[in-house]
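I sat down with this one to work out how the parts fit together. My notes follow, in the order I looked things up.

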Protein chains: 2
Amino acid sequence: METVDTRQEILIQASRLFKKLGYRATTTREIAKAVNIKQPSLFHHFPNKKAIVEEIFSLSLNEAAVRIEEACRRDGPASERLHQYLVWDLSTLHRMPMAMSAIYTGDALKSEEFAELAAKLKAFYHSLEDLISQGIDSGEFVEIDPMLGRLIVASMTIAHLEYAEEVTVTDPDRIAREGADLILRAFRREQN
Amino acid sequence: METVDTRQEILIQASRLFKKLGYRATTTREIAKAVNIKQPSLFHHFPNKKAIVEEIFSLSLNEAAVRIEEACRRDGPASERLHQYLVWDLSTLHRMPMAMSAIYTGDALKSEEFAELAAKLKAFYHSLEDLISQGIDSGEFVEIDPMLGRLIVASMTIAHLEYAEEVTVTDPDRIAREGADLILRAFRREQN
DNA sequence: GTCTATACTGAGATAGAC
DNA sequence: GTCTATCTCAGTATAGAC
């Protein structure tokens, strides 16, 4: 058996613990125990604890950052582009074996140590606010501060992820669509 | 000058740090530094670090738990009762000098150590789900799993708190009403 | 009620055998 | 690639002077 499996298992178990306890509160001993190895063995797969959370973070954010930026630049109604993005995002996250809500919920990103990751996330948020602004300008969305809009999209995404992590998903695509619909309801102006 | 001021200041600074870094990641030295006292002086005001977070938590939850339960039992449209509750909740939280979003966001509640607080929060969530169920049954709300509804109410509340903590609120009542409106938009069936 | 000094514990990480 | 043993350091909390 290759090392890849243990590596993957570390990511899965660590993400669950990060979600439950937060990054700092989760000890490498706890992660190791969940993976069924001893604590020092973790350091064969990752140089340090930080690298574990960085990898989980990259998994969730790298492609998302590209896609949200594309969504900003494409033509067509902003509400449709946001909806499309959210469906992709949710269905991708729902398919991952890690507890992805750990990332956004977590304490890790807010500390100095993770300034680089925080910067990536900030850029992502910037694009998201841009897209929301477009929808407000075109009259598709209610008039709110784009920053509040971004906070709501992010928090509803987490809520939906947490929900899906709870109920065991059978059809990731369907639940992703429902999630995206729900998020857009909070913004979209009723067309009468 | 009485000890009350230092005590209050500890709660304020601690809440901000808990919000930024999470409970476990925030050290008593950092809290002390923010309050401008030395680390051991904290222990004159609180028996331990845990007691600080417990007090912040109680401040936010004790009355809320009572009010949400009352809202469940009153007559009238569930959407109105939920709206009323949310206005009260948001305006109360917005008025507090602490960073109240720290509590829900934080990692503290999820650890074993805080099982008692977690139980209180669970009871609160139970009432919230009950109220949402009432609104679904009466046709006021869209048909979603009440648990998802609860997650969304909670996450949007946090998002709104974080927003208000960012922009400096001049009129807590107005922003509370706007927040409650926004949260209800996500659920309320459009009446055609 | 705040300080300095310090005890104690638990965490991340390394060394080196197997 | 995993183990046992251990280093080192940071964090909570206490003791006791002022």
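**How the two copies relate**

I started by superposing the copies: chain A lands on chain B with an RMSD of 0.0 Å after a turn of 180° and a shift of 0.0 Å along the axis. The two chains are therefore related as by a two-fold rotation axis. I then asked which C-alpha of chain A sits nearest that axis. That turned out to be the one of Ala186(A), 2.1 Å away from the axis. Note to self: this is a predicted model.

**The A/B interface**

Next I looked up how the chains touch. I got 33 residues of chain A in contact with 33 residues of chain B. Between them the chains bury about 2900 Å², and 63% of that is on carbon and sulfur atoms. On the chain A side, Lys110(A), Tyr163(A) and Arg185(A) supply 22% of the area buried against chain B, more than any other three residues.

I wanted to know how many salt bridges cross between chain A and chain B. The rule finds 0. Polar contacts do turn up, with 9 residue pairs counted between the two chains, both partners at pLDDT 80 or more.

Which elements of chain A give two or more residues to the side that touches chain B? They are α1 (3-21), α8 (146-167) and α9 (172-185). The largest share, 11 residues, comes from α8(A). I also sorted this side of chain A by class and wrote down 14 nonpolar, 6 polar and 13 charged residues.

Last check here: 100% of the interface residues of chain A are also interface residues in chain B, so the copies meet through the same surface.

**DNA strand C**

I moved on to the DNA. There are 17 residues around DNA strand C, and the closest are Thr28(A), Gln39(A), Lys38(B), Ser41(B) and His45(B). I noted the elements that each supply at least two residues of the surface near this strand: α2 (28-35) from chain A, and α1 (3-21) and α3 (42-45) from chain B.

What do the residues near strand C look like by class? I have 4 nonpolar, 10 polar and 3 charged. Turning to the DNA side, 55% of the strand C atoms within 4 Å of the protein belong to sugar or phosphate, and the rest belong to bases.

Then I pulled out some phosphate contacts. Thr28(A) has a polar side-chain atom 2.7 Å from a phosphate oxygen of strand C. From chain B, a polar side-chain atom of His45(B) is 2.7 Å from a phosphate oxygen of strand C. With Lys49(A), a polar backbone atom is what lies 2.9 Å from a phosphate oxygen of strand C.

**DNA strand D**

I ran through the same list for DNA strand D. Of the 17 residues around it, Lys38(A), Ser41(A), His45(A), Thr28(B) and Arg29(B) come nearest. Here α1 and α3 (42-45) of chain A and α2 (28-35) of chain B each give at least two residues to the surface near the strand.

By class, I counted 4 nonpolar, 10 polar and 3 charged residues on the surface near strand D. Sugar or phosphate accounts for 56% of the strand D atoms within 4 Å of the protein, with bases making up the rest.

For phosphate contacts, I found a polar backbone atom of Lys38(A) 2.5 Å from a phosphate oxygen of strand D. Ser41(A) puts a polar side-chain atom 2.8 Å from a phosphate oxygen of strand D. On chain B, a side-chain N or O atom of Thr28(B) is 2.7 Å from a phosphate oxygen of strand D.

**Salt bridges elsewhere**

Having found 0 salt bridges across the A/B interface, I looked at the total and got 15 over all chains. I picked one of them to look at: the side chains of Glu165(A) and Lys19(A) meet at 2.9 Å, N to O. This pair links distant parts of the chain, with Glu165(A) in helix α8 and Lys19(A) in helix α1, 146 residues apart.

Notes:
Residues numbered from 1 in each chain as written. Chains lettered and ligands numbered in written order. Predicted model: local features only at pLDDT ≥ 70, side-chain atom pairs only at ≥ 80, totals over all residues. Heavy atoms only, no water. Contact = heavy atoms within 4.5 Å. Buried area = accessible area lost by both parts, 1.4 Å probe. Salt bridge = Lys/Arg side-chain N within 4 Å of Asp/Glu carboxyl O. Polar contact = N/O pair within 3.5 Å; in protein donor to acceptor, adjacent residues only side chain to side chain. Helix = DSSP H or I, 4+ residues; strand = E, 2+ residues; numbered from the N terminus. Nonpolar A, V, L, I, M, F, W, Y, C, P; charged D, E, K, R; others polar. Near = heavy atom within 4 Å. Least-squares fit on C-alpha atoms with pLDDT ≥ 70 in both.
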